[in-house]
Amino acid sequence: TNQTYDDNNIFAKILRGEIPSHKVYEDEDTLAFMDVMPQAPGHLLVIPKQGSRNLLDADPAVLAKLLPVVQKLAVAAKEAFEADGIYIAQFNEPAAGQTVFHLHFHIVPRREGEPLKP
Ligand code: 5GP
């Protein structure tokens with residue numbers, strides 16, 4: 001993408017510890033924390049520590065470390081929230097619904113018959 005990374009975004013502030021978050025996983029390259037406006041119980045966000053605006057401008061080496069963590073946390077969330085399935089979402093640029101401009105994957109536990117919040 002021709003857009004740039006701005007480290008004033010809210011997830012960059014979470015990474016720097018400037019604003020609080022409910023962290024559920026952290027390693028050298030990756031952080032996961034609960035979404036403040038969950039679409040369903042257990043909705044969490046997984047982000048790389050490296051600053052990427054979104055998937056379109058991410059370094060493939062960053063993605064290679066991130067996706068196994070997304071998988072591990074999806075499995076853990078399915079178990080912890082006794083979910084029937086796991087919805088994973090990821091938006092790129094405002095036209096597609098991106099509101100925070102630091103790459104993130106949504107992990108949302110889903111249960112049969114439980115609609116997503118709008
Ligand atoms: P997206 O950019 O993928 O549309 O959504 C950004 C997500 O970040 C939303 O689900 C929103 O609820 C979440 N979010 C926005 N601000 C904060 C925050 O300060 N803390 C946390 N934990 N989540 C946030």
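Q: In what order do the five strands of the open sheet lie?
A: This is a predicted model, and its five strands build an open sheet with antiparallel pairing. From one strand to the next, the twist averages 20 degrees. Reading across the sheet, the order is β1-β2-β3-β5-β4.

Q: Which strands stand at the edges of the sheet?
A: Look for strands that have a single partner strand, so that one side is left without a neighbour in the sheet. That fits the strands at 23–26 and 85–89. They are β1 and β4.

Q: Which residue in β2 does Y25 stand opposite?
A: β1 and β2 run antiparallel, and three bridges join them. Follow the pairing across from Y25 and you land on a residue of β2. That residue is A32.

Q: Which element gives the most residues to the largest nonpolar core?
A: The core has 20 residues, and A32, L44 and L73 are among those that touch the most other members. Elements giving two or more residues include β2, β3 and α2 (60–80). The helix α2 also packs on the sheet, touching β1, β2, β3, β4 and β5. With six residues, the top giver is α2.

Q: Leaving aside neighbours within four places in sequence, which residues is L73 in contact with?
A: L73 is one of the core residues that touch the most other members, and so are A32, L44, V46 and I107. Those four turn up again among the contacts of L73, along with Y25. The full list is Y25, A32, L44, V46 and I107.

Q: How many charged residues does the shell around the ligand have?
A: The ligand is surrounded by 13 residues, and the closest are V36, M37, Q98, T99 and V100. Sorted by class, seven in the shell are nonpolar and five are polar. The charged count is one.

Terms used:
Residues numbered from 1 in each chain as written. Predicted model: local features only at pLDDT ≥ 70, side-chain atom pairs only at ≥ 80, totals over all residues. Core = buried A, V, L, I, M, F, W, Y, C linked by C-beta atoms within 7 Å. Buried ≥ 20, exposed ≤ 12 C-beta atoms within 10 Å, placed from the backbone. Helix = DSSP H or I, 4+ residues; strand = E, 2+ residues; numbered from the N terminus. Contact = placed C-beta atoms within 7 Å. Near = placed C-beta within 6 Å. Nonpolar A, V, L, I, M, F, W, Y, C, P; charged D, E, K, R; others polar. Pairing = 2+ DSSP bridges. Axes fitted to C-alpha atoms, helices over the stretch in contact; angles between N-to-C directions.
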